[in-house]
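Visitor: Could you walk me through this structure and tell me what the terms mean as we go?

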Protein chains: 4
Amino acid sequence: MTGDIAHLGHVEMLTDRYEESLDFFTRVYGLKLTEEDGASAYLRAWDDYEHHSLKLTRAGTTGVGHIGYRAASPEALERRAAAIEAAGYKVHGWVDGDPGHGRAFRFEDPFAHVFEIYYDTNRYAPAGADRPALKNMSSAFTGVPPRRIDHLNLLAEDVAEFRTFMETCLGARVTEYIQLDNGRIGGCWFTVNNKSYDLACTEEHGRGDGRLHHVTYATDQREDILRAADIFLQNGVHIETGPHKHAIQGTFFLYVWEPAGNRVELANAGARLILAPDWEPVMWTEADREKGQAWGLKTIETFHTHGTPPVQE
Amino acid sequence: MTGDIAHLGHVEMLTDRYEESLDFFTRVYGLKLTEEDGASAYLRAWDDYEHHSLKLTRAGTTGVGHIGYRAASPEALERRAAAIEAAGYKVHGWVDGDPGHGRAFRFEDPFAHVFEIYYDTNRYAPAGADRPALKNMSSAFTGVPPRRIDHLNLLAEDVAEFRTFMETCLGARVTEYIQLDNGRIGGCWFTVNNKSYDLACTEEHGRGDGRLHHVTYATDQREDILRAADIFLQNGVHIETGPHKHAIQGTFFLYVWEPAGNRVELANAGARLILAPDWEPVMWTEADREKGQAWGLKTIETFHTHGTPPVQE
Amino acid sequence: MTGDIAHLGHVEMLTDRYEESLDFFTRVYGLKLTEEDGASAYLRAWDDYEHHSLKLTRAGTTGVGHIGYRAASPEALERRAAAIEAAGYKVHGWVDGDPGHGRAFRFEDPFAHVFEIYYDTNRYAPAGADRPALKNMSSAFTGVPPRRIDHLNLLAEDVAEFRTFMETCLGARVTEYIQLDNGRIGGCWFTVNNKSYDLACTEEHGRGDGRLHHVTYATDQREDILRAADIFLQNGVHIETGPHKHAIQGTFFLYVWEPAGNRVELANAGARLILAPDWEPVMWTEADREKGQAWGLKTIETFHTHGTPPVQE
Amino acid sequence: MTGDIAHLGHVEMLTDRYEESLDFFTRVYGLKLTEEDGASAYLRAWDDYEHHSLKLTRAGTTGVGHIGYRAASPEALERRAAAIEAAGYKVHGWVDGDPGHGRAFRFEDPFAHVFEIYYDTNRYAPAGADRPALKNMSSAFTGVPPRRIDHLNLLAEDVAEFRTFMETCLGARVTEYIQLDNGRIGGCWFTVNNKSYDLACTEEHGRGDGRLHHVTYATDQREDILRAADIFLQNGVHIETGPHKHAIQGTFFLYVWEPAGNRVELANAGARLILAPDWEPVMWTEADREKGQAWGLKTIETFHTHGTPPVQE
């Protein structure tokens, strides 16, 4: 872990049902709208310190637009940009940056997901009723489950190749992974800091390109997730699986589909952090996986097949 | 933040009621005994990955023996040792290290607290019934509240001077602090990683030297702390204050005194982390502090006066 | 316990800041408005099955208007009315009943609190977006803490006399009480069913008449109360005391003042019920009470003095 | 509801692995052993007020021995005994009663489950370390999940006939039920007090006689159940399904099999009670049931087939 990248900053999610998706994220899921232009809505959880952690963009399809990581310093940003260029990955180069942050260096993983790294950012400045009661909070607490963006999960045809990309470009380390019997890596969990993961990559079974598996926000307590399940139920949201606890990473989870079909999760890791500087990646075999999730729940079939955008049949 | 220090590793706590203290920590508070020699017991929470996070030592008094931080690498350890020597703080030099970790570099802050930094460590190897059900856990889950060591709080007559020590020696950064009306710093919260703090220092009002305010373990959920309160009640443990939520750092807390009088805490920070590389320390004024804790609880008098060892009158 | 009275149905609360109180109860505390006329608002928690459980009435003062209990049957209602008349308490007689329920028999305790008993009621019929996701819920779940009305607490100069009133008129039984050293009863907790209490009466120290101590709604989980504390904090509500756990009845509590000054509580009893038909009332002495609340919190001074309406000095 | 029966008192469970079952209930599940004779162990949860709520009996098979309900008074007991005899159900007559309670009237439902009703009981008298910290608790709190016995679930070939039995013999009322498309009742939930149910009966699909589906204890919080899931996982207990929330009754649940194969549950109903004296039974159709549990979990196949004793093939 180089320490050059500080944390996952934001994810751009595409939707072909923009109004419904925006209604879901603001009224049901519990994000706040920072601003909206004709093309996108910029959203954040109440304790995300930046301008946005989710950019929701009108599009003809669903999936992920780009993924933004914040660098640890201006110098770290330059170092990473140079390393990425040197590594030969597809580079889009420097862009001005979306509302809320400064110039960003854009590049692609080998599976057509667009990443950007940036350093300059506008700390969110709450005003009026959004001013928090305590000065160490980023904005007003309104009782909703998501506290901050947590991680995302991408699909790739070759997870081992994606791993090289993450290590080379972001200086990420692997905390856990799935070792398939056929020698391939079935999934890999990455972190750039002390979180147990901020990005997961699992094997693409649908021959799609650049697909998204899910985006996740963290809740303060597991109870927030149980309560959210009742809110999703009341609002007719498709609950795919959960609440339950993953064996991998031990995360308490709940997966739903927002109106356009993108999978979103609420998750709680408890007090788990990866503090050991020499953490040995935990390997999960197929035999391990056959035990199901931590408390025995069998993984639902759509979890293996559904990604966004859907695969053209 | 230099990144040279990975995390708080362990605290040595002194007790003049060794058997009672050990009974408290193992049977009531919920730590596990790794090993015991004639002088000390080595304890850890179920998900602490090292040999011990609490060294409980027989002594003629109470308080803190030493504080151990683990370095990020062998090179980082050397860099820190050199920096500490260069800074002119009192240095004890290299010691062999307690059971469970390798050689350590010992030094003192200006207020007589002994620190050590080390890199080599023996990852705890659970055996028999202590083998965890999931391979990403450090040992068996037995239902007890503490998951891992979280932080400690020291007392110092000059918190500003202590701050310089922490920045210089450990490369720590300040996340929150109390600015007194008289220009002094009333308290300061430090971190060496993404935790919101791993060490706090508050102003010594008792003219003691090298005193301890409290040692804290993290729980996965706030409910663990509510349940622990009932367990402490049932076991006749002195509950000093809480459960409640601190305004500073937003931590849900419960403070009790172990049988020898050392204050120990259980705390839950929810999903709060300090991910921003350019986090601006949050300043709390005396006016802020007069509002009490987050939900209005007035800070109990003993919280300002009780430390260990007690001050000789 | 006669079984003639089924449960506490509603409380009428007086406010001299009607708009602010209504805003508090609907937007912050989490009740739903069933209907409003010029004089009163009729409110209920999401799982209250009747038309309202709180009648909020514009008035020149604060306090309690009347307390409504629902009888177990039409015959039980007649039996109770006859028993009350026979007992010689001040009787107002039969009234038509507020919106949402049928005719009611009104009477007074010796301390000027007005009670009514009724049987016919209009089960709340949720429509549109208020239709619940599950057919065993009384209306839509929106994520707010209060699930149903739980109890109220009145003040009386002679709790023993109030006890006779409750036993005679409502056929209530005492589950717990405070025995003062001077021979008086300091407080008494009553129930007409398996709840541990639906009405408490504590000694009036302010020489007021017919005063209210507080009204309480039940939450499903203790976490709902912790979350509510943050919501109250964010909305500038006066948090008087808590969250903490009462020694008496073991209830997890949080007390706040609504804008007009009436004290309202959120409480969680866990799985505690009084199922024993021959439950022996639990006696608490002054010595017991000196230990504070369950986890040691000292009872805040205003809890002993503040009632509504405030006493004229 | 006649009010003659106060509450479910205890269940006798048969086991052909007595030592393992007893170890499970005391060390893993969290019950306390009151006493043991050569044939049976008498167990209770920490807040059960009677001598035992689970009688665990050595046997050549598994399943339920008998079910004990406590009457509301000596007179109510006589009334019920007379009514049961008059109704023509198979009567065993008066028996002396197990340790912990007085004489009992025994009878059978049409599907060979043995019931008993009794009034005299020995309130559990905690001694030594089992004395509770608060005098309104039945014994010491040790941190375990089950607080009190909650309900049991029996299997019967004709649920409608079982319903008549429950109404006639125990004066129970139905709070919810499943109406099958074929006109039969698929399941029925009964209560004799304000609990939402203390006995459920679901259709027997295995042609067994007198079979048990499960026995359940109530926890104070949902978090207790999540924590219990980790404890079961750690102890190698077979987790059949959950944690999740039932659509019917809205109960948060977790089902495991004790070592001999009897299904046991931990459940939390939150603040839900049936307080309406004229509660209309909630009907669930097959179409409702096809939506799965509250949050969409499909009911696991064994839940429909597994009962104890197992059916002889």
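Guide: Here is a friendly tour in questions and answers.

Guide: This is a predicted model, in which local features need pLDDT of at least 70 and side-chain atom pairs count only at pLDDT 80 or more, while totals for chains, interfaces and linings use all residues. Residues are numbered from 1 along each chain as its sequence is written, chains are lettered from A and ligands numbered from 1 in the order in which they are written, and side-chain values use heavy atoms, with hydrogens and water left out.

Visitor: What makes a residue part of the contact between chain A and chain B, and how many residues does each chain give?

Guide: Contact means heavy atoms within 4.5 Å. By that rule, 44 residues of chain A and 44 residues of chain B take part.

Visitor: How do you know what area is buried between chain A and chain B?

Guide: The size of an interface is often given as the accessible area lost when the parts come together. Buried area is that loss, found with a 1.4 Å probe and summed over both parts. For chain A and chain B the value is about 3,400 Å², and carbon and sulfur atoms give 55% of it.

Visitor: Why is the pair Arg70(A) and Asp278(B) called a salt bridge?

Guide: The term asks for a side-chain nitrogen of Lys or Arg within 4 Å of a carboxyl oxygen of Asp or Glu. Arg70(A) and Asp278(B) have an N to O distance of 2.7 Å, so the pair fits the definition. The count between chain A and chain B is four salt bridges.

Visitor: What makes a residue pair count as a polar contact, and how many are there between chain A and chain B?

Guide: A polar contact is a pair of N or O atoms within 3.5 Å; within protein, one atom must be able to donate a hydrogen and the other to accept it, and residues adjacent in sequence count only if both atoms are side-chain atoms. Between chain A and chain B, 19 residue pairs pass, with both residues at pLDDT 80 or more.

Visitor: Which strands of chain A supply residues to the side that touches chain B?

Guide: Strands here are DSSP runs of E with at least two residues, helices are runs of H or I with at least four, and both are numbered from the N terminus. At least two residues each come from β1 (5-15), β5 (63-71), β9 (146-156), β13 (212-219) and β17 (282-285) of chain A. The largest share, three residues, comes from β17(A).

Visitor: How do you know which of those residues are nonpolar, polar or charged?

Guide: Ala, Val, Leu, Ile, Met, Phe, Trp, Tyr, Cys and Pro count as nonpolar, Asp, Glu, Lys and Arg as charged, and the others, Gly among them, as polar. On the side of chain A that touches chain B, this gives 20 nonpolar, ten polar and 14 charged residues.

Visitor: What about chain C and chain D: how many residues does their contact take?

Guide: The contact takes 44 residues from chain C and 44 residues from chain D. The area buried there is about 3,500 Å², with 55% from carbon and sulfur atoms. Four salt bridges cross this interface. One pair in a salt bridge is Asp288(C) with Lys135(D), whose closest N and O atoms are 2.6 Å apart. There are also 19 residue pairs in polar contact between chain C and chain D, both residues being at pLDDT 80 or more. On the side of chain C that touches chain D, β17(C) gives the most, with three residues.

Visitor: Why is the salt bridge of Glu223(D) and Arg222(A) said to join two chains?

Guide: The side chains of Glu223(D) and Arg222(A) meet at 2.9 Å, N to O. Glu223(D) lies in helix α4 (residues 222-234) of chain D and Arg222(A) in helix α4 (residues 222-234) of chain A, so two chains are joined by the pair. Over all chains, the structure holds 100 salt bridges.

Visitor: Why are α2(D) and α3(D) called oblique?

Guide: Axes are lines fitted to C-alpha atoms, for helices over the stretch in contact, and angles run from 0 to 180 degrees between N-to-C directions. Angles under 35 degrees count as roughly parallel, over 145 as roughly antiparallel, 65 to 115 as roughly perpendicular and the rest as oblique. Helix α2 (residues 74-87) and helix α3 (residues 159-170) of chain D pack at about 140°, with axes 8 Å apart. That makes α2(D) oblique to α3(D). In this contact, Arg80(D), Ile84(D) and Ala87(D) of α2(D) meet Thr168(D), Cys169(D) and Leu170(D) of α3(D). These residues divide into four nonpolar, one polar and one charged.

Visitor: What is the peptide bond from Gly242(D) to Pro243(D), cis or trans?

Guide: That bond is cis, with omega near -5°. Pro243(D) is found in strand β14 (residues 238-245) of chain D.

Methods: Buried area is the accessible area (1.4 Å probe) that two parts lose on being put together, summed over both.
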